[in-house]
Amino acid sequence: MPSVGAWRTPVAIAAGVVIVDQVAKHWAVTSLGSDRVIDVVWTLRFNLAFNNGMAFGQGRGLGPIIGVVATVVIVYLLISLRDQSSRISTVGMGLLIGGAAGNLIDRLLRGDAWLRGSVVDFIDLQWFPIFNVADMAVNIGAALLILGSIRSARAHSRTPSEPIHADPHSEAENGSPA
């Protein structure tokens with residue numbers, strides 16, 4: 001099992017994401033509606049929508065299955081925290097867990113039955129599917145995990161297979177006078 005220190009940062013990030021996400025969704029549900037859209041800047045507007053499927057409106061009606069899969073993914077990610085060695089991967093993991101948990105809370109609590117809830121979406125660019133804070137965290141977290149993986153792979157490929165001597169030209173190591 002991972003040490004408490006290995007859990008602290010990603011769990012704190014995840015908790016922060018869940019809090020910001022749920023506060024933003026509460027604001028959207030209480031302030032927006034079919035009769036109120038807030039234009040912010042350029043094509044960005046706040047426009048309330050409910051998604052009972054998965055990303056980009058796919059899988060409508062599969063909420064219970066998506067909820068179970070999200071729960072398994074969150075548990076897997078929490079267990080895999082012990083394998084996170086880089087700061088970028090730790091932050092990515094926290095964002096990913098927080099985003100998944102934020103949308104899972106909607107599925108659990110915003111419906112008539114357990115796992116029958118719809119995810120609250122409200123950030124509308126008008127040229128991209130409507131999304132929320134949790135969706136942003138999931139995507140940024142996944143990107144950071146990919147970046148961390150690429151950086152780790154590059155670092156491992158640069159690691160020499162033979163030990164490097166401090167001074168290859170020294171007399172003691174090569175046996176010849178300088």
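Are Asp21 and Lys25 buried or exposed? In the predicted model described here, Asp21 is buried and Lys25 is likewise buried, and the two residues are treated below together with the other salt bridges, after an outline of the chain.

The chain contains five helices and three strands, and when these elements are read along the sequence they follow the pattern α-β-β-α-α-β-α-α. Of the 178 residues in the chain, 37% are buried.

The salt bridges in the model number four. In one of them the side chains of Asp21 and Lys25 meet, with an N to O distance of 2.8 Å. Both residues belong to helix H1, and because they are four residues apart in that helix, about one helical turn separates them. Another salt bridge is formed by Asp106 and Arg110, whose closest N and O atoms are 2.9 Å apart. Through salt bridges that share partners, Asp21, Lys25, Asp106 and Arg110 are joined into one network. The members of this network are not uniform in their burial: Asp106 has a relative accessibility of 0% and therefore counts as buried, whereas Arg110, at 31%, counts as partly exposed, and Asp21 and Lys25 are, as stated at the outset, buried.

A further salt bridge brings together the side chains of Arg45 and Asp124, at 3.0 Å from N to O. This pair links distant parts of the chain, since Arg45 is placed in strand E2 and Asp124 in strand E3, 79 residues apart. Here too the partners fall into separate accessibility classes, Arg45 being partly exposed with a relative accessible area of 23% and Asp124 counting as buried at 4% relative accessibility.

Aromatic contacts were examined next, and a search of the whole structure finds five aromatic pairs. In the pair formed by Trp27 and Phe46, the ring centres are 5.4 Å apart and the ring planes stand at 80 degrees, so the arrangement is edge-to-face. Because Trp27 lies in helix H1 (residues 4–31) and Phe46 in strand E2, this pair ties together parts that are 19 residues apart in sequence. Trp27 counts as partly exposed at 31% relative accessibility, and Phe46 is also partly exposed, with a relative accessible area of 22%. The ring of Trp27 pairs in addition with that of Phe122, the centres being 6.2 Å apart and the planes at 70 degrees, so that this pair is edge-to-face as well. With Trp27 in helix H1 and Phe122 in strand E3 (residues 119–124), the parts tied together by this second contact are 95 residues apart in sequence. Phe122 itself has a relative accessibility of 4% and therefore counts as buried. Taken together, the ring pairs link Trp27, Phe46 and Phe122 into a cluster, to which helix H1 and strand E2 contribute through Trp27 and Phe46 and strand E3 contributes through Phe122.

Strand E2 is also part of a hairpin with strand E1. Strand E1 (residues 38–41) and strand E2 (residues 44–51) run antiparallel and are joined by three bridges, and Val41 stands opposite Leu44 of E2. Two residues lie between the strands of this hairpin, where Trp42 takes a positive phi near 50 degrees. Val41, which is found in strand E1, has a relative accessibility of 53% and therefore counts as exposed, the threshold for that class being over 50%. Val41 and Trp42 both contribute to a nonpolar surface patch of about 630 Å², which is made by Val40, Val41, Trp42, Trp127 and Phe128. Residues of the hairpin thus appear in several of the features considered here, among them Arg45 in its salt bridge with Asp124 and Phe46 in the aromatic cluster with Trp27 and Phe122.A polar contact in helix H3 completes the description. Thr90 lies in this helix, which spans residues 87–109, and the side chain of Thr90 reaches the backbone oxygen of Ser86 at a distance of 3.0 Å. With a relative accessibility of 17%, Thr90 counts as buried, because that class covers values under 20%.

Conventions: Residues numbered from 1 in each chain as written. Heavy atoms only, no water. Buried < 20%, exposed > 50% of the residue type's maximum accessible area, 1.4 Å probe, protein only. Polar contact = N/O pair within 3.5 Å; in protein donor to acceptor, adjacent residues only side chain to side chain. Pairing = 2+ DSSP bridges. Patch = residues over 30% accessible without salt bridge, like charges linked within 9 Å, V, L, I, M, F, W, Y side chains within 5 Å. Areas by Shrake-Rupley, 256 points an atom, 1.4 Å probe, with all protein chains shown as cover. Phe/Tyr/Trp six-rings, centres within 6.5 Å; stacked < 30°, edge-to-face > 60°.
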